[in-house]
Amino acid sequence: MRHLLTLVIVLLSLTLVQHSAAQVRDQLLNPAESDLNFNLQSDFLQGSGRFTKYSGSIRPGINDFAQSVISFQIDPILAEFNSGAMFLQPLIQQMPSHPVFFKSSTLRAIGAGRYRVDGTVTSRGETHRVAFPITMLRSARGETVIKGEIASSELDLPLPAALQQQALSGTLIYKLVFR
């Protein structure tokens with residue numbers, strides 16, 4: 001009888017562990033509810049726009065959100081420019097399409113709903129380490145929402161030669177909704 005009870009407890013434990021693991025699934029970016037905008041400025045011009053083609057996912061950590069992995073891809077060629085940034089459109093469209101890939105390596109809590117994300121950005125065959133803060137919250141519908149902004153000076157990423165000549169600086173402003 002004691003062996004039967006032990007077997008039942010072991011089977012129930014395995015079932016609960018499998019059920020918990022099945023509950024953790026990747027959350028995919030919902031572009032219809034997300035925004036990925038940018039502001040650009042040079043010595044003489046300033047403008048803004050938004051990226052229109054991007055995708056991403058979050059693979060949640062099982063017991064700790066800080067163990068999650070955030071992956072993201074942007075196709076900068078398909079950006080829309082507002083009037084002030086129209087000077088960039090011909091430069092961007094002349095460049096070959098090089099999607100930008102991001103993958104987090106660590107998330108570290110730095111406050112209530114705030115994390116420091118460390119990871120890598122890869123584009124044009126070059127990979128660079130980056131780190132930046134994010135604000136993360138849960139929506140009423142159970143979606144993960146990541147918000148923030150990143151100044152180009154914080155990332156220290158090389159720009160394509162055509163854009164380096166423009167002495168540009170900028171800010172990426174984002175609200176990403178994952179479900």
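**Briefing: sheet, core and selected contacts**

The protein chain has 4 helices and 11 strands, and the description that follows rests on a predicted model. Of the 179 residues in the protein chain, buried residues make up 32%. The accessible surface of the protein chain comes to about 11,100 Å², and 56% of that surface belongs to carbon and sulfur atoms. When contacts between residues at least 6 apart in sequence are considered, 56% of them join residues at least 24 apart.

**The sheet**

- An open sheet of 11 strands follows the order 1-4-5-7-8-9-10-11-2-3-6, and the pairing within this sheet is antiparallel.
- Strand 1 (27–28) and strand 6 (79–81) stand at the edges with a single partner strand each, so one side of each is left without a neighbour in the sheet.
- Strand 10 (residues 144–151) pairs with strand 11 (residues 169–178) in the antiparallel sense, and 8 bridges link the two; Val145 has Val177 in strand 11 as its bridge partner.

**The hairpin and its continuation to the edge**

- Strand 2 and strand 3 form a hairpin that leaves 4 residues between them, and these strands run antiparallel, joined by 5 bridges.
- Within this part of the sheet, Leu40 stands opposite Gly47 in strand 3.
- Strand 3 also pairs with strand 6, in the antiparallel sense and over 3 bridges, and Phe51 is the residue that stands opposite Ala79 in strand 6.

**An aromatic pair**

- The structure holds 3 aromatic pairs; in one of them, the rings of Phe38 and Phe51 have centres 4.9 Å apart and planes at 50°, so the pair is tilted, an angle of under 30 degrees being needed for stacked and over 60 for edge-to-face.
- Phe38 lies in strand 2 (residues 35–41) and Phe51 in strand 3 (residues 46–51), so the pair ties together parts that are 13 residues apart in sequence.
- Phe38 counts as buried because its relative accessibility is 6%, which falls under the 20% cut-off.
- Phe51, at 14% relative accessibility, is likewise under 20% and therefore counts as buried.

**The nonpolar core**

- In soluble globular proteins, nonpolar side chains tend to be buried together.
- The largest nonpolar core here has 27 residues, and of these Ile134 and Ile146 touch the most other members; strand 9 (residues 126–138) supplies the largest share of this core, namely 4 residues.
- Residues up to four places away in sequence being left out, Ile134 touches Ile70, Gly113, Arg114, Tyr115, Val117, Ile146, Lys147 and Tyr174.

**Thr144 and its surroundings**

- Thr144 lies in strand 10, and at 1% relative accessibility this residue counts as buried, since the value is under 20%.
- The side chain of Thr144 makes a polar contact with the side chain of Gln27, at 2.6 Å, and the Thr144 side chain also makes a polar contact with the side chain of Arg138, at 2.6 Å.
- With neighbours within four places in sequence left aside, the residues in contact with Thr144 are Gln27, Ile58, Phe65, Met136, Leu137, Arg138, Leu176, Val177 and Phe178.

Terms used
Residues numbered from 1 in each chain as written. Predicted model: local features only at pLDDT ≥ 70, side-chain atom pairs only at ≥ 80, totals over all residues. Heavy atoms only, no water. Phe/Tyr/Trp six-rings, centres within 6.5 Å; stacked < 30°, edge-to-face > 60°. Buried < 20%, exposed > 50% of the residue type's maximum accessible area, 1.4 Å probe, protein only. Core = buried A, V, L, I, M, F, W, Y, C linked by side-chain atoms within 4.5 Å. Contact = heavy atoms within 4.5 Å. Pairing = 2+ DSSP bridges. Areas by Shrake-Rupley, 256 points an atom, 1.4 Å probe, with all protein chains shown as cover. Polar contact = N/O pair within 3.5 Å; in protein donor to acceptor, adjacent residues only side chain to side chain.
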